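Let us walk through this structure by following one strand outward to its neighbours, to the core and to the ligand.

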Amino acid sequence: MEMTFRWYGSKADTVTLEQIRQIPGVTGVITTLYDTQPGEVWSRERIRGMKREVEEAGLHIAGIESVNVHDAIKTGAPERDDYIDRYIETLENLGKEDIHLVCYNFMPVFDWTRTELARRRPDGSTVLAYTQEAIDAIRSEEMFAAITADANGSVLPGWEPERMEHIRELFAMYRDIDEEKLFENLAYFLRRIMPVCDEYGINMAIHPDDPAWSVFGLPRIITNQENILRMMRMVDNPHNGVTFCSGSYGTNLENDLPGMIRALKGRIHFAHVRNLKFHSPTNFEESAHLSSDGSFDMYEIMRALYETGFDGPIRPDHGRMIWGETAMPGYGLYDRALGAAYLNGLWEAIEKAARRERGEAERS
Ligand code: DNO
């Protein structure tokens, strides 16, 4: 595995490449052209510019998160082929610039959804949190205002104001889309992009729906093991893989995270590893990465990745806001850096124990 860090680019991020470089063990960034809209072609010049900047700071681009998929593709609208052509052009340009990992999602209207961006914990830190009760009490149109009010002035990934201005139209586009249709549209998209992925060796890594169930009556499909396996069977190509995000699949306590990692062996191209603390099955907050601070066994998650031979990029995911930092909620420097150090520590211990065991087996 390679330890990486998400970076939104020098114009949008409060964290600098120089700071990222000083986190022990972090060698790559996961980045994006944050000012592009879904459906826009990424030019080679802009991709090259982004690469140059990262490389001049002594790091490299380990992958893109995200190249967003236009709603016309997700809904299977008549103009979808045009948007898929543009997506293919972007993939081609990324491939030519030697970038081989793309994280994307297929969530209708809203990307990841939280109901609080700054829930205060007893130690004074603030965290992102979710309660189903809060979602049930709010109208979908109000969701955008509620989310941006707490965002410390930053644009949250997936909550671009340009799209949210048209929220009613967006909902209307999904009126006839159920889970089956969404699956079909995803398969159509994947079938069309696989040739360019084969040509340039690009791994597509779908991000799970977060939370891993339907919100505001919209269908959501990338939620559990059965559905991911179905997606992979529909378009059976090794480049059609997943981003294993423990915090997103973990929202549903029925998902056995280490078990899922083992079942997806070879098809996890990218991992987001973070912890959640549950107060009830529908009330959780994004705790520190450490197992004892949340509800997941992070050692078992990392062990499953190690034992299935995971060799892609991994990144700490959302962190708490600590030490007086002001940043995009979930994406400050300090707690994610602590997360990276912790995950690196777990990996080193797992790797050394496994080596020792193998050595002992050979000797006996
Ligand atoms: C949230 C992220 C998601 C993710 C997209 C991928 O912080 O994990 O916004 O980047 O869903 O397209």
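The paragraphs below begin with that strand and end at the ligand. The model is predicted, and the description should be read with that in mind.

A useful starting point is strand β4, residues 101–105, because five of its five residues are buried, so that the strand is largely enclosed by the rest of the structure. The burial applies to both faces, with Leu101, Cys103 and Asn105 on one side and Val102 and Tyr104 on the other.

On either count of pairing, the neighbours of β4 run parallel to it: strand β3, residues 60–65, is joined to β4 by two bridges, and Ile64 stands opposite Val102 there. Strand β7, residues 203–207, pairs with β4 in the parallel sense over five bridges, and within β7 the bridge partner of Asn105 is His207.

Val102 leads from the strand into the nonpolar core. In soluble globular proteins, nonpolar side chains tend to be buried together. Here the largest nonpolar core holds 86 residues, and Val102 is among those that touch the most other members, along with Ile20, Val29, Ile261 and Ile301; helix α9, residues 179–200, supplies the largest share of this core, six residues. Beyond its neighbours within four places in sequence, Val102 is in contact with Gly63, Ile64, Val67, Leu91, Leu94, Ile202, Met204 and Ala205.

The same strand also leads to the ligand, since β4 contributes the largest share of the surrounding shell, three residues. Cys103, Tyr104 and Asn105 belong to that shell, as do Glu65, Asp111, Trp112 and His207, among others. By character, the shell divides into four nonpolar, five polar and two charged residues.

Technical notes: Residues numbered from 1 in each chain as written. Predicted model: local features only at pLDDT ≥ 70, side-chain atom pairs only at ≥ 80, totals over all residues. Core = buried A, V, L, I, M, F, W, Y, C linked by C-beta atoms within 7 Å. Buried ≥ 20, exposed ≤ 12 C-beta atoms within 10 Å, placed from the backbone. Helix = DSSP H or I, 4+ residues; strand = E, 2+ residues; numbered from the N terminus. Contact = placed C-beta atoms within 7 Å. Near = placed C-beta within 6 Å. Nonpolar A, V, L, I, M, F, W, Y, C, P; charged D, E, K, R; others polar. Pairing = 2+ DSSP bridges.
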